[in-house]
Amino acid sequence: MKIFKKIIAFVIVVIIFGGAFIYWQKYTEKQRIKLAEEEKRKQEEIEREKQRQFLEQKKQEYYSLIDEMRKYFRQGDYKKVKEIAENSFALAKDFNFDTTEINKILHQIEVINYQRKLEQLDKDNKDIFNYSYVRNELLKIPSLEELTSLKNKIYQKTFQNEYLVLLELAEKHAIDGKQGKNSKVNYFLSKDYLYKAQNLRKTKNLKQDIKREEKIAEIQKDVFFAFNQFKENTIPSSLYQ
């Protein structure tokens with residue numbers, strides 16, 4: 001009986017110690033996992049901090065490049081600005097930085113360059129015979145809001161100049177015809193140029209040179225009535241307008 005009790009007591013002790021051992025194993029495993037997770041969290045935090053510092057460093061590098069762009073822009077060294085802009089765009093692409101400021105500076109350069117081009121075209125436009133060249137060059141300039149007013153003004157003036165050129169040609173051929181230089185051909189050339197000038201004026205709502213148009217019409221009339229042979233080969237003088 002005593003032996004049986006000892007066996008029972010032993011079993012109970014084994015069970016107790018076994019349970020305690022299992023509990024201790026589970027506890028130590030949980031602690032190990034907890035410590036491992038904590039270590040992992042710390043390492044991740046360290047890595048995030050490194051990434052943050054690295055990103056901050058790159059951001060400062062990026063802002064420094066933009067500051068350089070502003071500096072060279074103020075100095076008027078646009079070639080240098082564009083060189084730096086290439087590096088800035090590359091850095092912005094790698095780290096997803098906002099490129100608004102870069103584009104703004106480059107846009108200002110674009111406006112300045114085209115502004116200069118327009119100012120030169122405005123000067124060229126003072127010669128009425130440059131109307132075709134000026135108009136074609138205007139087509140190469142993009143539609144930028146800052147340049148709209150000047151560009152439209154120059155463009156409209158090309159048509160006014162074309163109108164004046166057509167009047168110039170109409171008058172020249174009328175005078176040549178009046179002087180007996182191939183009167184028939186010059187008469188019809190003058191009529192054609194005057195018609196084109198008047199049609200352009202109406203279509204583009206241009207300022208009319210009334211005196212010039214009337215003067216040309218009078219010379220054409222003189223040419224028509226001055227040469228009998230010319231009259232005989234054209235419409236009856238009663239239908240002349």
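Student: How many aromatic pairs does a search of the whole structure find?

Tutor: Happy to help! This is a predicted model, and a search of the whole structure finds nine aromatic pairs. One of them joins Tyr62 and Tyr63; this pair is tilted, with 6.0 Å from centre to centre and 45 degrees between the planes. Another is formed by Tyr155 and Phe159, which meet edge-to-face, 5.2 Å centre to centre and 90 degrees between the planes.

Student: How many residues apart are Tyr155 and Phe159 in helix H5?

Tutor: Start with the general idea. An α-helix has 3.6 residues a turn, so residues three or four places apart point the same way. Now the case here: Tyr155 and Phe159 are four residues apart in helix H5 (residues 148-178), so about one helical turn separates them.

Student: Is Phe159 buried or exposed?

Tutor: Phe159 is buried, because its relative accessible area is 7%, under the 20% cut-off. Tyr155, at 32%, is partly exposed.

Student: Which residues do ring pairs link into a cluster?

Tutor: Phe54, Tyr62, Tyr63, Phe95 and Phe97 are linked in this way. Within that cluster, Tyr62 is buried at 2% relative accessibility, while Tyr63 is partly exposed at 42%.

Student: Which residues touch the most other members of the largest nonpolar core?

Tutor: First, the general idea: in soluble globular proteins, nonpolar side chains tend to be buried together. Here, the largest nonpolar core has 16 residues, and those touching the most other members are Tyr62, Met69, Phe73, Val81, Ile102 and Ile105. Helix H1 (2-75), H2 and helix H3 (100-124) each supply at least two residues of this core. Take Ile105 as an example: leaving aside its neighbours within four places in sequence, Ile105 is in contact with Ile66, Met69, Arg70, Phe73 and Val81.

Student: What are the buried residues of H2?

Tutor: They are Tyr78, Val81, Ile84, Ala85, Ser88, Leu91 and Ala92. Seen down the axis of H2, these buried residues fall within an arc of 130 degrees, so they line one face of the helix. On the other side of H2, Lys79, Glu86, Lys93 and Asp94 are exposed.

Student: Where does pLDDT stay under 50?

Tutor: That happens over residues 237-241. As a general guide, where pLDDT is low, the predicted coordinates should not be read in detail. The chain averages a pLDDT of 87, and 84% of the residues score at least 70. Among the elements of the chain, helix H4 (residues 131-138) has the highest mean pLDDT, 97, and helix H8 (residues 228-232) the lowest, 55.

Methods. Residues numbered from 1 in each chain as written. Predicted model: local features only at pLDDT ≥ 70, side-chain atom pairs only at ≥ 80, totals over all residues. Heavy atoms only, no water. Buried < 20%, exposed > 50% of the residue type's maximum accessible area, 1.4 Å probe, protein only. Arc of directions from axis to C-beta. Core = buried A, V, L, I, M, F, W, Y, C linked by side-chain atoms within 4.5 Å. Contact = heavy atoms within 4.5 Å. pLDDT = per-residue confidence, 0-100. Phe/Tyr/Trp six-rings, centres within 6.5 Å; stacked < 30°, edge-to-face > 60°.
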